[in-house]
Amino acid sequence: MKKQIFFIPFDLGNFTIQNLPKISHLYPLQPIGLGTPNTESLSSYLQRLAQQHCLRSWQLYTYELVPLIQHQEYLLHKDTKKTSLKQIFLTNKKTASNLSVINGLQSITPVIVTAIEQLTSRQDLYSLTLMSWLKVFDSAELLLKPSCAWCPYCYQAWREQGQVIYIPLLWLIEYVKFCPQHQISLENTCPSCNQKMLNFCQPGYCSHCGEWLGQTKYPLKLTTYFRSMGCLSTYQRNISYLQELIAITPYLSKQPQIKDVYSYLHERCVHLDEQELKDLSFSFWMNSHLIAKPQSSDTAYKPRISLHFLSEVFRCFNITPRQLFL
């Protein structure tokens with residue numbers, strides 16, 4: 001039986017769907033890999049959406065998104081302190097880092113997603129970003145790469161099999177240096193012109209010279225690199241956690257909160273003795289007031305956590321993201 005997909009009611013302040021102006025809808029392009037570890041990124045979806053309507057990404061922004069989100073530009077200034085809303089969709093070298101605004105944990109991300117969902121009559125595009133984890137992780141800047149990355153062997157395989165070429169969200173996460181499937185290093189520079197990709201590049205092709213980015217010759221092996229550093233198993237375990245976080249996003253019944261993690265830690269650690277706490281790799285957190293007595297500070301500030309810390313929680317207590325958040 002197919003599992004039911006829930007949609008998360010994000011808190012956008014004064015921004016509501018009723019406040020959006022009435023415009024014509026775009027063709028509701030189907031996202032790729034939704035509900036799997038290979039879920040498409042929103043920036044990739046937008047590029048394909050623009051191509052579907054014979055538009056460039058900046059034209060899609062100018063003619064469709066500007067009327068919906070320009071009155072929320074203050075949120076972008078709150079996130080970046082210097083980037084204007086128009087720069088997000090401009091394809092130039094200076095704005096490559098704004099991929100984190102589209103795909104990440106910024107305050108403006110839910111606004112952009114809501115606008116695109118109205119344009120396409122879809123309700124699941126939040127799953128193409130990390131915004132479901134906005135209230136868990138500490139910073140989007142630490143999680144997302146400043147420019148596109150790709151696996152040349154995935155591109156080549158998809159092309160030969162006649163599949164759609166796209167950019168998975170997993171490839172854009174800073175921690176992910178290698179393709180989990182092919183165990184090779186992700187590329188971020190075109191081998192033909194030696195330049196990094198722009199904000200919205202056509203998946204599979206260089207945004208500068210237009211050359212195909214797929215290849216069949218394997219570069220550096222994952223195992224060779226990480227075995228020399230002695231941390232292959234840790235890396236592979238953390239990647240598997242990331243893949244599951246992405247895969248379960250469409251099935252969340254509510255937006256995950258940092259208090260969920262703290263409550264779980266409290267329940268598991270409250271009965272541990274001092275030696276057992278020391279055995280945990282993050283034992284220095286165990287003595288914090290928020291974990292020791294979470295019920296006495298429900299409204300207190302709870303600092304969000306890093307991806308590394310969350311991975312340690314999964315490892316130390318032998319649980320999966322699905323068990324903690326679903």
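How many of the twelve residues of α5 are buried? In this predicted model, twelve of the twelve are buried, so α5 is largely enclosed by the rest of the structure. The buried set runs from T109, P110, V111 and I112 through V113, T114, A115 and I116 to E117, Q118, L119 and T120. Burial here means a relative accessible area under 20%. The helix reaches 17 Å from its first C-alpha to its last. That span is close to the 16 Å expected at 1.5 Å a residue. S121 follows α5 and has a positive phi, near 60°.

The overall fold gives the setting for α5. The protein chain contains 14 helices and zero strands. From the N terminus on, its elements therefore read as α throughout, by the run definition used for helices and strands. The chain has 326 residues, and buried residues make up 52% of them.

Two other helices can be described in similar terms. Helix α1 covers residues 42-52. Nine of its eleven residues are buried, so α1 is largely enclosed by the rest of the structure. The buried residues of α1 are L42, S43, S44, Y45, L46, Q47, R48, L49 and A50. C54 comes after α1, and its phi is positive, near 60°. Helix α9 spans residues 258-269. Its twelve residues should span 16 Å at 1.5 Å a residue, and its end C-alpha atoms are 17 Å apart, which agrees. In α9, the buried residues are I258, V261, Y262, Y264, L265, H266 and C269.

Aromatic contacts were examined next. A search of the whole structure finds eleven aromatic pairs. One of these is formed by W133 and F325. Their ring centres lie 5.0 Å apart, with 75° between the planes, and the pair is edge-to-face. W133 lies in the loop between α5 (109-120) and α6 (152-160). F325 belongs to helix α14, residues 321-325. The two positions are 192 residues apart in sequence, so the pair ties together distant parts of the chain. Both W133 and F325 are buried.

A second edge-to-face pair joins Y155 and W158. Here the centre-to-centre distance is 6.1 Å and the angle between the planes is 65°. Both residues lie in helix α6, three residues apart, about one turn of the helix. Y155 has a relative accessibility of 2% and counts as buried. W158 is buried as well, with a relative accessible area of 12%. Y155 and W158 belong to one aromatic cluster that also includes Y166, W171, Y205 and W212. A charged group meets this cluster at W212. The charged end of R159 sits over the ring of W212, 4.1 Å from its centre.

W133 also takes part in an internal cavity. The structure holds one cavity of 30 Å³ or more. The largest cavity has a volume of about 50 Å³. Its lining consists of L130, W133, F137, L143, I173, L242, L245 and L307. By class, these are eight nonpolar residues, with no polar and no charged residues. W133 thus appears in this lining and in the edge-to-face pair with F325.

Backbone geometry was then considered in the loops. Most residues other than glycine have a negative phi. Q183 is not a glycine, yet has a positive phi of about 60°. Q183 lies in the loop between α6 and α7 (222-229). With a relative accessible area of 22%, Q183 is partly exposed. N318 is another residue other than glycine with a positive phi, near 55°. N318 sits in the loop between α13 (307-316) and α14. At 69% relative accessibility, N318 counts as exposed.

Methods: Residues are numbered from 1 along each chain as its sequence is written. This is a predicted model: local features need pLDDT of at least 70, side-chain atom pairs count only at pLDDT 80 or more; totals for chains, interfaces and linings use all residues. Side-chain values use heavy atoms; hydrogens and water are left out. Rings of Phe, Tyr and Trp (its six-membered ring) pair if their centres lie within 6.5 Å; planes under 30 degrees apart count as stacked, over 60 as edge-to-face and the rest as tilted. Helices (H or I, at least four residues) and strands (E, at least two) are DSSP runs, numbered from the N terminus. Buried means under 20% relative accessible area, exposed over 50%, partly exposed in between (1.4 Å probe, protein chains only). A charge sits over a ring if NZ of Lys or CZ of Arg is within 6 Å of the ring centre and within 35 degrees of the ring normal. The expected span of a helix is 1.5 Å times one less than its number of residues. On a 1 Å grid over the protein atoms alone, a cavity is a set of points where a 1.4 Å probe fits but cannot get out, and a pocket is an open set with protein on both sides within 12 Å along at least five of seven lines; lining residues have an atom within 4 Å of a point. Grid points are joined across faces, edges and corners, and a volume is the space filled by probe spheres set on the points. Ala, Val, Leu, Ile, Met, Phe, Trp, Tyr, Cys and Pro count as nonpolar, Asp, Glu, Lys and Arg as charged, and the others, Gly among them, as polar.
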